[in-house]
Amino acid sequence: MKSAFLPDRGVIKVAGDDARNFLNGLITTDLDRLKPGLGRFGALLTPQGKIIVDFLITEAPAGHGGGFLIDCPRALADTLATKLKFYKLRAKVTVDILDLGVLAAWDGSPAAQPDLAFTDPRNGELGIRILIPEDLKQKLSDLIGAELVDASDYEAHRIALGVPRGGLDFMYSDAFPHETNMDRLAGVDFDKGCYVGQEVVSRMQHRGTARTRSVKVLLDGPSPEAGATILAGDKPVGTIGSSARGKGIALVRIDRLADALDAGQPLTAGGLAVKLAEPDVVRIPAKQPTA
């Protein structure tokens, strides 16, 4: 088993008598399905349905004071905390940024189950996440029987699984949840009550109007720079995001890419060859006729 402390992740705590209902009315995931030891994937959206911040969230056990712990990009922790405080009005909640980080562990089963740990709900192969101070990373790695490695090893693992990362594979406040595959990564609960941006997200789901998607790509040789335009012939069809060890994630227009594949056009980015790891993901299923 491997573990890595992720220096780009921060932790926010939302607690108080109204915390569950307060968060449930704001974010894309259903907190009624959450309890200590479990994690959910979700986001806070703009009223127009675009992602302000995406995150993982778990419920803290009573021994840790209860409430909810949000594992989010460290650079956006202040932004998220400020937004939550803006929405709280008279709700009985507190919002605090904690002096905790995130230890990710994958490729095996932990020898022990530490506190504030949960399986990554986006993809079981991403392993578990443990919310701890950075100075405990070696001690916790030893406890669960994991080899502590560099965060770049975890990044390569994430990229190989095709799980997008905000700020690299898409831009915050510019992408809808469907475009970053949140609907496919258990990040949106379509049967829960209202939340900010729900109307737009539900419409995209029911009408099947998502034309931009994050996809896995294969790179034969050097990796193009992040942000490089992907061309099918001479026509742009998307952009390259993060990449490592011959694999990458791209944000593409699936309709244009499907047309390019049908025409046998090669894909390039920065003059370098790019291939889709799973070509069928850009095919939009034909709508079935209604009786």
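These exercises work through a predicted model of one protein chain.

**Exercise 1. Overall form**

Task: Work out whether the radius of gyration of the protein chain agrees or disagrees with that of a compact globule.

Solution:
- Step 1. Start with the length. The protein chain has 291 residues.
- Step 2. Take the expected value. A compact globule with 291 residues would have a radius of gyration near 19 Å.
- Step 3. Compare. The protein chain has 20 Å, which agrees.
- Step 4. Add the outer dimensions. Along the principal axes, the C-alpha atoms fill a box of roughly 60 × 50 × 35 Å.
- Step 5. Add the contacts. Take those with a separation of 6 or more: residues 24 or more positions apart account for 69% of them.

**Exercise 2. Make-up and surface**

Task: State how many helices and strands the protein chain has, and describe its surface and charge.

Solution:
- Step 1. Count the elements. There are six helices and 16 strands.
- Step 2. Look at burial. Of the 291 residues, 51% count as buried.
- Step 3. Turn to the surface. About 13,900 Å² is exposed, and carbon and sulfur atoms supply 50% of that area.
- Step 4. Tally the charges. The protein chain carries 35 positive and 37 negative side chains. The centres of the two sets lie 5 Å apart.

**Exercise 3. Confidence**

Task: Find where the pLDDT is below 50.

Solution:
- Step 1. Begin with the average. The protein chain averages a pLDDT of 94, and 97% of the residues score at least 70.
- Step 2. Locate the weak stretch. Over residues 286–291 the pLDDT is below 50.
- Step 3. Check its contacts. Beyond near neighbours in sequence, residues 286–291 have one contact in the model.

**Exercise 4. Helix H4**

Task: Explain why helix H4 (residues 151–161) counts as largely enclosed by the rest of the structure.

Solution:
- Step 1. Apply the cut-off. Buried means under 20% relative accessible area.
- Step 2. Name the residues that pass. In H4 they are Ala151, Tyr154, Glu155, Ala156, His157, Arg158, Ile159 and Leu161.
- Step 3. Conclude. Eight of the eleven residues of H4 are buried, so the helix is largely enclosed.
- Step 4. Identify the cover. Among the elements over these buried residues are strand S1 (2–6), strand S7 (101–106) and strand S9 (128–132). Strands S11 (212–219), S13 (235–244) and S14 (247–253) are also included.
- Step 5. Look just past the helix. Glycine 162 takes a positive phi of about 75° there.

**Exercise 5. Alanine 105**

Task: Decide whether alanine 105 is buried or exposed, and list its contacts beyond four places in sequence.

Solution:
- Step 1. Place the residue. Alanine 105 lies in strand S7.
- Step 2. Read its accessibility. The relative accessible area is 0%, so alanine 105 is buried.
- Step 3. List the partners. Leaving aside neighbours within four places, alanine 105 contacts Met1, Lys2, Ser3, Leu126, Gly127, Ile128 and Ile144.

**Exercise 6. Positive phi without glycine**

Task: For leucine 89 and alanine 186, say where each lies and whether each is exposed or partly exposed.

Solution:
- Step 1. Check the angles. Leucine 89 has a positive phi of about 50° although it is not a glycine. For alanine 186, phi is near 60°.
- Step 2. Place leucine 89. It lies in the loop between helix H2 (77–88) and strand S6 (94–98).
- Step 3. Place alanine 186. It is in the loop between H4 and helix H5 (198–207).
- Step 4. Classify both. Leucine 89 is exposed, with a relative accessible area of 72%. Alanine 186 is partly exposed, at 39%.

How values were computed. Residues are numbered from 1 along each chain as its sequence is written. This is a predicted model: local features need pLDDT of at least 70, side-chain atom pairs count only at pLDDT 80 or more; totals for chains, interfaces and linings use all residues. Side-chain values use heavy atoms; hydrogens and water are left out. Helices (H or I, at least four residues) and strands (E, at least two) are DSSP runs, numbered from the N terminus. The radius of gyration is taken over C-alpha atoms; the globule rule is 2.2 Å times the number of residues to the power 0.38. Buried means under 20% relative accessible area, exposed over 50%, partly exposed in between (1.4 Å probe, protein chains only). Contact means heavy atoms within 4.5 Å. Accessible areas come from the Shrake-Rupley method with a 1.4 Å probe; for residues, only the protein chains shown count as cover. Lys and Arg count as positive and Asp and Glu as negative; His and the chain ends are not counted. The place of a charge is taken as NZ of Lys, CZ of Arg, CG of Asp or CD of Glu. pLDDT is the predictor's confidence in each residue, from 0 to 100.
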